[in-house]
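Let's work through a protein fold together, one exercise at a time. Keep the picture open beside you and try each task before you read its solution.

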Amino acid sequence: MRKKLIVANWKMNFTVPEALKYLAAFRREMQVGYPECEIVICPPFTTLFAFDEAIEGTPLKLGAQNMHWEETGAFTGEISPQFLKDLNVNYVLLGHSERRHIFGETDIMVNKKLSMALQQKLNPIVCVGETDAEHKEGKTFEVVERQIKKALDGQMRSDLENLSWAYEPVWAIGTGKNATPEQAQEVSQWMRRLIAKIFDTPTSEKMRILYGGSVSDEKARGFLDQPDIDGLLVGGASLDPKKFAGIILATETTQ
Ligand code: PEP
């Protein structure tokens, strides 16, 4: 049984004082009790240190929104996996569509980042998904297949235990448009079958596949009820403590 994973991607939002204020409000919302799921918050890098201290005693885990593929070196402005581990970061988002489409991250860069994250025992969440144009041209499976195969190229099956995926159709990110739960299930099931073909069924059955793209507290349950959707990657709605708490609580009532 795969444990549900709910991830907040704060993107470029919240200073340290704002993040601490958010946490106080979020803890009040969660006074009803935390369900049996994993909850990861990915704040900006500048907030990780303070947030790590602040979440002590809560079940919250810390994630990063990106990292570099080398351990150290002349890479001005980059963040190494070592820096993340130093701050008790457990999870790292890789290949988010904003990294791919705004900052030109390629499949090869995502592959190198994944190798390093696996080697460093950071739990990577690799984001995949088609753009609006690709969606309209019926290229969803082709694009997602390429992104998955390139990310997995050269990775060792024995290292993949802590790898998760996020299926995030680019046309649904921050747009208020969602894939339907059925569409997201179709792609997630197909991703699991593809991974089973590349490696094997037990490996694919262990991997968590999240859906992301304008998830709200009202819509969360529809996605979480799908057999191949093991959690959610949440951007906009995760910035509101009440809405994010609502999404987490929706895991309680799902299969
Ligand atoms: C995201 O940034 O990964 C995301 C899914 O954003 P939003 O929920 O705002 O669409």
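**Exercise 1. A strand in the middle**

Which residues point one way from S5, and which point the other way?

*Solution.* This is a predicted model, so everything here is read from computed coordinates.
Step 1: Asn-123, Ile-125 and Cys-127 point one way from S5.
Step 2: Pro-124, Val-126 and Val-128 point the other way.
Step 3: Now check burial, using the cut-off of under 20% relative accessible area. The residues on both sides of S5 are buried. With six of its six residues buried, S5 is largely enclosed by the rest of the structure.

**Exercise 2. Neighbours of S5**

Find the strands that pair with S5, and name a bridge partner on either side.

*Solution.*
Step 1: S4 and S5 are joined by four bridges in the parallel sense. Follow Leu-93 across, and you arrive at Ile-125 in S5.
Step 2: S5 and S6 also pair in the parallel sense, over four bridges. Here Cys-127 has Ala-166 in S6 as its bridge partner, and Val-128 stands opposite Tyr-167 in S6.
Step 3: Look at S6 itself. Ser-164 and Ala-166 point one way, Trp-165 and Tyr-167 point the other way, and all are buried.

**Exercise 3. Going round the barrel**

In what order do the eight strands of the closed barrel run?

*Solution.*
Step 1: Start from S3, which runs parallel to S4 and is joined to it by two bridges. Ala-64 is found opposite Val-92 in S4.
Step 2: Pass through S5 to S6, then step on to S7: four bridges join S6 and S7, again parallel. Tyr-167 stands opposite Tyr-211 in S7.
Step 3: Put the whole circuit together. The order is S1-S2-S3-S4-S5-S6-S7-S8, a closed barrel with parallel pairing. From one strand to the next, the twist averages 25 degrees.
Step 4: Add a helix to the picture. H8 (residues 181-198) packs on the sheet and touches S5, S6 and S7. The direction of H8 makes about 145 degrees with that of S6.

**Exercise 4. Checking a helix with a ruler**

Test whether the length of helix H1 (residues 16-29) agrees with what its 14 residues lead you to expect.

*Solution.*
Step 1: The expected span is 1.5 Å times one less than the number of residues. For the 14 residues of H1, that should give 20 Å.
Step 2: The end C-alpha atoms of H1 are 20 Å apart, which agrees.
Step 3: Next, look for the buried residues: in H1 they are Ala-19, Tyr-22, Leu-23, Ala-25 and Phe-26. An α-helix has 3.6 residues a turn, so residues three or four places apart point the same way.
Step 4: Ask what covers the buried residues of H1. The cover includes S2, H2, S3 and H11.
Step 5: Walk on into the loop between H1 and S2, where you meet Val-32. Val-32 has 66% relative accessibility, so it counts as exposed. Its C-alpha atom is 9.3 Å from that of Leu-249, although the two are 217 residues apart along the chain.

**Exercise 5. Around the ligand**

Which of the 14 residues around the ligand come nearest?

*Solution.*
Step 1: The nearest are Lys-11, Glu-168, Gly-174, Ser-214 and Gly-236.
Step 2: Look at Lys-11 in the loop between S1 and H1. An N or O atom in the side chain of Lys-11 is 2.7 Å from an oxygen atom of the ligand. Lys-11 counts as partly exposed because its relative accessibility is 21%. Lys-11 has a positive phi of about 50 degrees, although it is not a glycine.
Step 3: Compare Ser-214, in the loop between S7 and H10. Ser-214 is not a glycine, yet it has a positive phi of about 55 degrees.
Step 4: Add two further polar pairs. The side chain of Asn-9 has an N or O atom 3.2 Å from an oxygen atom of the ligand, and a backbone N or O atom of Gly-235 lies 2.8 Å from a ligand oxygen.

**Exercise 6. One histidine**

Is His-96 buried or exposed?

*Solution.*
Step 1: Locate His-96 in the loop between S4 and H4.
Step 2: The relative accessible area of His-96 is 5%, so it is buried.
Step 3: Leaving out residues up to four places away in sequence, His-96 touches Asn-9, Lys-11, Cys-127, Glu-168 and Ile-173.

Technical notes: Residues numbered from 1 in each chain as written. Predicted model: local features only at pLDDT ≥ 70, side-chain atom pairs only at ≥ 80, totals over all residues. Heavy atoms only, no water. Buried < 20%, exposed > 50% of the residue type's maximum accessible area, 1.4 Å probe, protein only. Contact = heavy atoms within 4.5 Å. Pairing = 2+ DSSP bridges. Axes fitted to C-alpha atoms, helices over the stretch in contact; angles between N-to-C directions. Near = heavy atom within 4 Å. Polar contact = N/O pair within 3.5 Å; in protein donor to acceptor, adjacent residues only side chain to side chain.
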